[in-house]
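Trainee: Hi! Could you walk me through this one while I have it open?
Mentor: Happy to, let's put it on screen.

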Amino acid sequence: MNKLISIIIPCHNCSTTIVDCWNSIKEQTIGLRSLEIILVDDASDDQNVTWNALSKIEASAPDSVIIIHLDKNVRQGGARNAALPYIHGKYFMFVDADDTIEPDSCEKLYYTAEAADADMVLFNCTYRDHNGNSIPRVIYKEHQTLDLSNDTIRRQTLLGNGLTYGCWDKLYRTEFYRSVGSFFPEHVIYEEPLFVYPLFFYATRIEILPEYLYNYYIHANSTVTEYALQHRGDHPAVQFLLLSWLKKHTDIFSKYYEEITFYIVWSAFIETLVFTKNDPESDTAYPFYEYIRSILIAEFPDYSKNHYIRSLGYDDIFAYLEQPIETQEALKNLRTLIKKANL
């Protein structure tokens, strides 16, 4: 039977959480026979406990489940890359091994994509914790259709206005994705923009659903809570990898240079500062931001002429791109401005 949706799940030492994840998938109203689940064991080091759990899942639904074992750990991005060639579904999506999806998620996403002939369908998620608390992440408040054949609309999506560049709150049409061929960086966190952002240059139609179809579980061992501070350099590094990808695609780089400049400068500099604004001060912090600043100035020497940046009203913050960040005090003052701006 042809598969309607493929679901890619990166797995690492997840023998306990994968049970709830799998249960939420096998109970989908669209029917398990319509789904293909690709489970990637990202070199778990728990004495094959995770691999045995995945093998049991495969044995329970051999017509719907594929399991892949990686000899070396490449983190979530690399595990997703390993699964992409195995997709047989008309559409695909990503689910993390410690998350779940709502029972009607696949059905709603599939029929929405089919009715609109959409390249992607975007949707909301709910944050949940181990105490049963839940907080809706309100990104989309109404059903929308983005016709990206309208260049003004495309440019707005490239600025991130009202959108996210995460990978797991989206359904992708497989044929469309393969025509673009983006990928995830390996061995890093904050990996998703390198895969997702390029798709907005080529999509022609995107549907947005206000429904909460994905449950994102936050716990002490999650990637974000455990590694964010230790891997603060990953966020700008991924943006610079994305910039390299975009520069190789000269047609879109020249046409959307203004939007790309804004996105990279904002993401690599401002967002990184926001993510780390409560970090303990250290003698290594200001050279880190000086390194980011020096790259951005070299890549975008004309950034101050960018009309998106000029219109933001954060001139005092962007002024720090004009001069080296050479002292701990300079970085402290910059973080104070970030906090005052409520970014």
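Trainee: What does Lys247 form a salt bridge with?
Mentor: Lys247 pairs with Glu299, and their closest N and O atoms are 3.0 Å apart. Keep in mind that this is a predicted model.
Trainee: Where do the two residues sit?
Mentor: Lys247 lies in helix H9 and Glu299 in helix H12 (residues 285-299), so the salt bridge ties together parts that are 52 residues apart in sequence.
Trainee: And why do they count as partly exposed?
Mentor: Lys247 has a relative accessible area of 36%, and Glu299 has 31%. Buried would need under 20% and exposed over 50%, so both fall in between.
Trainee: How many salt bridges are there?
Mentor: The count comes to 14. Among them is Asp96 with Arg80, where the closest N and O atoms are 3.2 Å apart.
Trainee: Which parts does that one tie together?
Mentor: Asp96 is in the loop between E4 and E5, while Arg80 is in helix H3 (residues 75-83), so the linked parts are 16 residues apart in sequence.
Trainee: Is that pair buried or exposed?
Mentor: Both Asp96 and Arg80 are buried. For Asp96, the relative accessibility is 7%.
Trainee: What else does Asp96 touch?
Mentor: Leaving out residues up to four places away in sequence, Asp96 has contacts with Ile9, Pro10, Cys21, Gln76, Trp168 and Tyr214, as well as Arg80.
Trainee: Which residues are linked in a network of salt bridges?
Mentor: Asp151, Arg155, Lys255 and Glu259 are linked that way.
Trainee: Switching topic, how do H9 and H11 pack?
Mentor: Helix H9 (residues 234-248) and H11 pack at an angle of about 170°, with axes 9 Å apart. That makes H9 roughly antiparallel to H11.
Trainee: Which residues make the contact?
Mentor: From H9 they include Phe240, Leu243 and Leu246, and from H11 they include Ile260, Ile264 and Phe275. By class, this contact has 10 nonpolar, four polar and one charged residues.
Trainee: How many residues does the largest nonpolar core have?
Mentor: The largest nonpolar core has 116 residues, and Ile7, Ile9 and Ile18 have the most contacts inside it. Helix H11 (residues 257-275) gives the most to this core, with 10 residues.
Trainee: Last one: what does Ile7 touch?
Mentor: Not counting residues up to four places away in sequence, Ile7 touches residues including Ile25, Leu35, Ile37, Met93 and Val95. Glu36 and Cys106 are also among the residues it touches.

Definitions and conventions: Residues are numbered from 1 along each chain as its sequence is written. This is a predicted model: local features need pLDDT of at least 70, side-chain atom pairs count only at pLDDT 80 or more; totals for chains, interfaces and linings use all residues. Side-chain values use heavy atoms; hydrogens and water are left out. A nonpolar core is a set of buried Ala, Val, Leu, Ile, Met, Phe, Trp, Tyr and Cys residues joined through side-chain atoms within 4.5 Å. Buried means under 20% relative accessible area, exposed over 50%, partly exposed in between (1.4 Å probe, protein chains only). Helices (H or I, at least four residues) and strands (E, at least two) are DSSP runs, numbered from the N terminus. Contact means heavy atoms within 4.5 Å. Axes are lines fitted to C-alpha atoms, for helices over the stretch in contact, and angles run from 0 to 180 degrees between N-to-C directions. Angles under 35 degrees count as roughly parallel, over 145 as roughly antiparallel, 65 to 115 as roughly perpendicular and the rest as oblique. Ala, Val, Leu, Ile, Met, Phe, Trp, Tyr, Cys and Pro count as nonpolar, Asp, Glu, Lys and Arg as charged, and the others, Gly among them, as polar. A salt bridge is a side-chain nitrogen of Lys or Arg within 4 Å of a carboxyl oxygen of Asp or Glu.
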